[in-house]
Amino acid sequence: MPFDPDIERRVDLFAAALRGQVAGDVDVSAAGRGALRIERDPVSLSMFANDASMYEQTPLAVCYPREARDVSRIVEVASSLGLPLLPRGGASSLAGQTVGEAIVLDFTRHMNAILHIDPDAQTATVQPGAVLENLNLALAEFGLMVGPDPASGNRATLGGMVANNATGTHSIVYGNVERHIVSVDAVLSDGSTATFDEADLTVWRDRTTRPGLEGQIYRGLDELLAARGAIIKRDTTRHWRRNSGYRLETLLDPKARNVARLLCGSEGTLAVLTELTIRVVPKPAHTVLGVVHFSTRGEALR
């Protein structure tokens, strides 16, 4: 990213606008030409400048929201100042998705609660910073678990799993998060909020009439699907285990559209999640590990 000589002033304005207005914490970097450094200890600096990938980029500022209202205000102010935003969970991303020269929203410090488990409906509602392993420990009491099981589950957050449409070792059985998402509460790019869940044709049409950005989103999607639905259906790869581009094909069925499914795999580029509900599955009574040996890599691949 080319150096922006005005970035320091805008980051200062961002911090000043938020002080005293949000319940969470805001740590702002000191800007210097070509490099931005957070005024924190080296461990914290490393945590936000890196993820599990090979990449390193220092953020403009780091925010730790406590509640959805904090997120709305942070997004609103950042948007008004033209500052990029980067939601961040457990930073287990392998391709640099959670590092960048942006305002980082870290959900692991405060917004990490398991809000509700409904064993009858087999759903769990959590904040985006909730860690998968913690949720699975809570679900085990009811003989349930989250289906997608990424290897980073002891640190991956549910918000991050939605963002990268996580799968896992048993994806052949359980698929990816997109297959399990029920609803999300989200903050849109202007700081307004919306709840995205399944909508039949009547509900969908009603939502296209709503005011503000939420209504614009539904109207825009409606126009896109009408104009390009046939192309999306024809050209979308049939193989489900992919995360390239937005999953527009999930909206093709007008009887059961759910924008929450579109957010899966979007890496925080469409909205910032503040709450999500996911379907969970029965926990197997027994598991077994099969170890198969091959003489060559070619045999293993075949």
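User: How far apart, N to O, do the side chains of glutamate 249 and arginine 247 meet in their salt bridge?
Analyst: This is a predicted model; local features need pLDDT of at least 70, side-chain atom pairs count only at pLDDT 80 or more, and totals for chains, interfaces and linings use all residues. Residues are numbered from 1 along each chain as its sequence is written, and side-chain values use heavy atoms, leaving out hydrogens and water. A salt bridge needs a side-chain nitrogen of Lys or Arg within 4 Å of a carboxyl oxygen of Asp or Glu. For glutamate 249 and arginine 247 the N to O distance is 2.6 Å.

User: Is arginine 247 buried or exposed?
Analyst: Buried means under 20% relative accessible area, exposed over 50%, partly exposed in between (1.4 Å probe, protein chains only). Arginine 247 has a relative accessible area of 5%, so the residue is buried.

User: How many residues apart in sequence are the parts tied together by arginine 247 and glutamate 178?
Analyst: Their side chains meet in a salt bridge at 4.0 Å, N to O. Arginine 247 sits in the loop between helix H8 and E11, glutamate 178 in the loop between helix H6 and strand E9. Helices (H or I, at least four residues) and strands (E, at least two) are DSSP runs, numbered from the N terminus. The separation in sequence is 69 residues.

User: Which strands stand at the edges of the sheet?
Analyst: The open sheet has 6 strands, ordered E6-E7-E12-E9-E10-E11, with antiparallel pairing. Two strands pair if DSSP finds at least two bridges between them. An edge strand has a single partner, so one side is left without a neighbour; that describes E6 and E11.
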